[in-house]
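Take a moment to turn the model around on your screen and find its helices. Then let us walk through it together, beginning with one place where two helices touch.

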Amino acid sequence: MELSVPAEYGYVVLSSIIGGLLVNFFLIFNVGAARKKHNVKYPALYSPTNEQFNCVQRAHQNYLENIAFFLLPGLFGGVLHPLLATAFNVTYLLGRIMYALGYYTGDPEKRQRGVFYVIGFLGNIILAGKFGLTLAGWL
């Protein structure tokens, strides 16, 4: 199989790399603001007494724990289906923002408002699987 990258692949790069960084910066900014507001000093990752801060920090930590699982499937799956992968990337990123905003309320259950990010995640897993099967000559 000859591999060529479609022009629309630029949207995949923009939505995954640039979009992913922008969401990360949003989360970093909010952790910094919460540190200042709740007087949580470095190097403490979490506060032993302030659940509100811990929820803000946990939203960011969860994003970081999952970033590779977001980036790689979208980048691979986008080679064959760049616009669909871009739509899945945007869905994932918007879901992660809603997830964080729900977490920021101090009620961890409200993070479920953004659980639709899983649609973007699973969509790109399927696209990456199709890409791998195509490269292997099975499709």
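In helix α2, Phe69, Pro73, Gly74, Phe76 and Gly77 meet Phe121, Asn124, Ile125, Leu127, Ala128 and Phe131 of helix α4. Here "meet" is a matter of contact, meaning heavy atoms within 4.5 Å. The residues of this α2–α4 contact divide into 8 nonpolar, 3 polar and no charged. In that sorting, Ala, Val, Leu, Ile, Met, Phe, Trp, Tyr, Cys and Pro count as nonpolar, Asp, Glu, Lys and Arg as charged, and the others, Gly among them, as polar.

Before going on, a word about what you are looking at. This is a predicted model, in which local features need pLDDT of at least 70 and side-chain atom pairs count only at pLDDT 80 or more, while totals for chains, interfaces and linings use all residues. Residues are numbered from 1 along each chain as its sequence is written, and side-chain values use heavy atoms, with hydrogens and water left out.

**The overall picture**

How many helices and strands does the protein have? Its secondary structure comes to 4 helices and 0 strands, and reading along the sequence gives the pattern α-α-α-α. Helices (H or I, at least four residues) and strands (E, at least two) are DSSP runs, numbered from the N terminus. The C-alpha trace spans about 55 × 25 × 20 Å along its principal axes. Of the 139 residues in the protein, 39% are buried; buried means under 20% relative accessible area, exposed means over 50%, and partly exposed is in between (1.4 Å probe, protein chains only). Among contacts with a separation of 6 or more, 69% join residues 24 or more positions apart.

**How the helices pack**

Back to our pair: α2 and α4 pack at an angle of about 45°, with their axes 7 Å apart. Axes are lines fitted to C-alpha atoms, for helices over the stretch in contact, and angles run from 0 to 180 degrees between N-to-C directions. The helices α2 and α4 are therefore oblique to each other. Angles under 35 degrees count as roughly parallel, over 145 as roughly antiparallel, 65 to 115 as roughly perpendicular and the rest as oblique.

Helix α4 (residues 117-135) also packs against α3 (residues 82-103): their axes come within 6 Å and cross at roughly 150°. That makes α3 roughly antiparallel to α4. On the α3 side, the contact includes Leu84, Phe88, Tyr92 and Tyr99, and on the α4 side Tyr117, Ile119, Phe121 and Leu127 are among the partners. The residues of the α3–α4 contact divide into 9 nonpolar, 6 polar and 1 charged.

**The nonpolar cores**

In soluble globular proteins, nonpolar side chains tend to be buried together. A nonpolar core is a set of buried Ala, Val, Leu, Ile, Met, Phe, Trp, Tyr and Cys residues joined through side-chain atoms within 4.5 Å. Which members of the largest core touch the most other members? Among its 18 residues, they are Leu27, Tyr63, Tyr92, Leu93 and Tyr104. The elements giving two or more residues to this core are α1 (9-38), α2 (51-77) and α3, and α2 gives the most, with 6 residues. Apart from this core lies another, of 7 residues, among them Val79, Ala85, Phe88 and Leu127.

Leu27 deserves a closer look. Leaving aside neighbours within four places in sequence, Leu27 is in contact with Ala59, His60, Tyr63, Ala100 and Tyr104.

**Three residues to find**

Try locating these three on your screen. The contacts in the table leave aside neighbours within four places in sequence.

| Residue | Place | In contact with |
|---|---|---|
| Tyr46 | loop between α1 and α2 | Phe53, Asn54, Gln57, Arg58 and Gln61 |
| Thr86 | helix α3 | Tyr11, Val12 and Ser15 |
| Arg113 | loop between α3 and α4 | Met98, Gly102 and Thr105 |

Is Thr86 buried or exposed? At 13% relative accessibility, Thr86 counts as buried. Tyr46 counts as partly exposed because its relative accessibility is 31%, and Arg113 counts as partly exposed at 47%.

Distances along the chain and in space can be read side by side. Thr86 and Gly74 are 12 residues apart in sequence and 7.6 Å apart, C-alpha to C-alpha. Tyr46 and Arg58 are 12 residues apart along the chain, with their C-alpha atoms separated by 8.5 Å. For Arg113 and Gly129, 16 residues apart along the chain, the C-alpha separation is 28 Å.
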